[in-house]
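I opened the notebook with a simple plan: to look up how the strands pair, what packs on them, and where a few chosen side chains sit.

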Amino acid sequence: ELIAQHGATALANARRHHNIFLLPLWRSVGKLKWIVRARTLPKTIIALLLFLTVMTSLCVVPANFELSASGKLLPSRRRDVFAPMSGIVTEVAVAHGANVQQNDVLVRMRNTDLKVQLTTEIGRKTATEEQIRATQRALLDNDRLTVIEQNRLSGDMMQLRKTLESIDRNIGLLNQKQDRLTVVSPTAGEVVTWQVGDRLRRRPVQRGQLLLSVVDPQSDWELELYMPEKRMGHVERFQSDNNRPLRVTFYLKSHPGRTFSGEVSEIERTAHVQANQENSVLIKVRVASEELPELRSNTTVVAKVHCGRRPVGYVWLHEVLETIRAKVLFWL
């Protein structure tokens, strides 16, 4: 009976202890009692003050908010030359760095199917002309023909002449296609495609395939930057909140020790998948050509797009925060 009395009291106390609200929290707080001990109190206060100072600085101190992007330096006046038809390249008349004038021959191609069609149409024309001559001779010998035969031959003559006109139109179209197999320069400039002869000579190409590029090195130059799509929200927000162009700082990989500046002139409304399989948006940047060193088309560029100032903590950790929002908070 004595043991039962003490056991009942102990169990009652244990149940009351177990039902305390937020018991795990109070246990954790109890384990931190060393913080308020006399010896460790000054150090603890200093550490807490430093922590609060750092966190406040991350949330308050402003810093430049800059988004990185890579791209290329290109002349603003440039033309890409595409294959007008499918075929096999038989001759490449230019090389990398060659200066060309408008309508200079760049590439000659051969299309076997087109040649066969043209030969067939020429054969049909020859046969039709022979039929027309035979019908004309028969009509001239009208003394032996009845009226019905003359009318039939006249109808045949009209049909043959219409057929001949159709064949002539087909031959004209085929000749135009044949002429298009000789690709000429759309503008005066410099060929900037590397090893164009090795890439194209004696190789099949498809209609619309890029053959080479011609640029005008005397024109203004611009940057083509590919900004990852996930960063475009910051760019668009800054652009909508400010009525001035976005400033860009960049360096050329050929001159890594020097930095240059420019302004955003155009932002495409569509995204493109780049070689790294990441959706990116094309941003064009005006640059002062006279400030640049020796200019080479397609020089690789690393750039920073300036999007105002934000708290330094956001500048450093914005991608982490966005990942948490997208991967964690969105699904809660």
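**Entry 1, a strand with two partners.** I began with Asp80, and I found that its bridge partner in β9 is Ser213. I noted for myself that the model is predicted. The strands behind this pair are β2, residues 78-82, and β9, and they run antiparallel with 5 bridges joining them. I then looked for another neighbour of β9 and came to strand β7, residues 189-191, which pairs with β9 in the antiparallel sense over 2 bridges. Here Glu190 has Val215 of β9 as its bridge partner. I also checked how well β9 is covered: the strand spans residues 210-215, and 5 of its 6 residues are buried.

**Entry 2, the barrel.** Which strands close into a barrel, and in what order? I wrote down 6 strands, in the order β1-β10-β13-β12-β11-β14, with antiparallel pairing. Neighbouring strands of this sheet are turned against each other by 40° on average, with direction ignored. I then followed one pairing in detail, that of β1 (residues 62-75) with β10 (residues 221-228), where 6 bridges join antiparallel strands. Within this pairing, Gly71 stands opposite Leu225 in β10. Next I looked for what packs on the sheet and found helix α7, residues 232-241, which touches β1, β10, β12, β13 and β14. The direction of helix α7 makes about 60° with that of β14.

**Entry 3, aromatic rings.** I looked up the aromatic pairs and found that the structure holds 3 of them. One of them is formed by Phe250 and Phe260, a tilted pair with 5.7 Å from centre to centre and 35° between the planes. This pair links distant parts of the chain, since Phe250 belongs to strand β11 (residues 247-252) and Phe260 to strand β12, 10 residues apart. Are these two rings buried or exposed? Phe250 has a relative accessible area of 1%, so I entered this residue as buried, and Phe260, at 7%, counts as buried too. I then turned to Phe330 and Trp331, whose ring centres lie 5.0 Å apart and whose planes meet at 85°, so I recorded this pair as edge-to-face. Phe330 is exposed because its relative accessible area is 59%, and Trp331 is exposed because the value there is 65%.

**Entry 4, cysteines.** How many disulfides are there? My count came to 0. I also looked up two cysteines: Cys59 has a relative accessible area of 55% and is therefore exposed, whereas Cys307, at 5%, counts as buried.

Definitions and conventions:
Residues are numbered from 1 along each chain as its sequence is written. This is a predicted model: local features need pLDDT of at least 70, side-chain atom pairs count only at pLDDT 80 or more; totals for chains, interfaces and linings use all residues. Side-chain values use heavy atoms; hydrogens and water are left out. Two strands pair if DSSP finds at least two bridges between them. Helices (H or I, at least four residues) and strands (E, at least two) are DSSP runs, numbered from the N terminus. Axes are lines fitted to C-alpha atoms, for helices over the stretch in contact, and angles run from 0 to 180 degrees between N-to-C directions. Contact means heavy atoms within 4.5 Å. A disulfide is a pair of cysteine sulfur atoms within 2.5 Å. Buried means under 20% relative accessible area, exposed over 50%, partly exposed in between (1.4 Å probe, protein chains only). Rings of Phe, Tyr and Trp (its six-membered ring) pair if their centres lie within 6.5 Å; planes under 30 degrees apart count as stacked, over 60 as edge-to-face and the rest as tilted.
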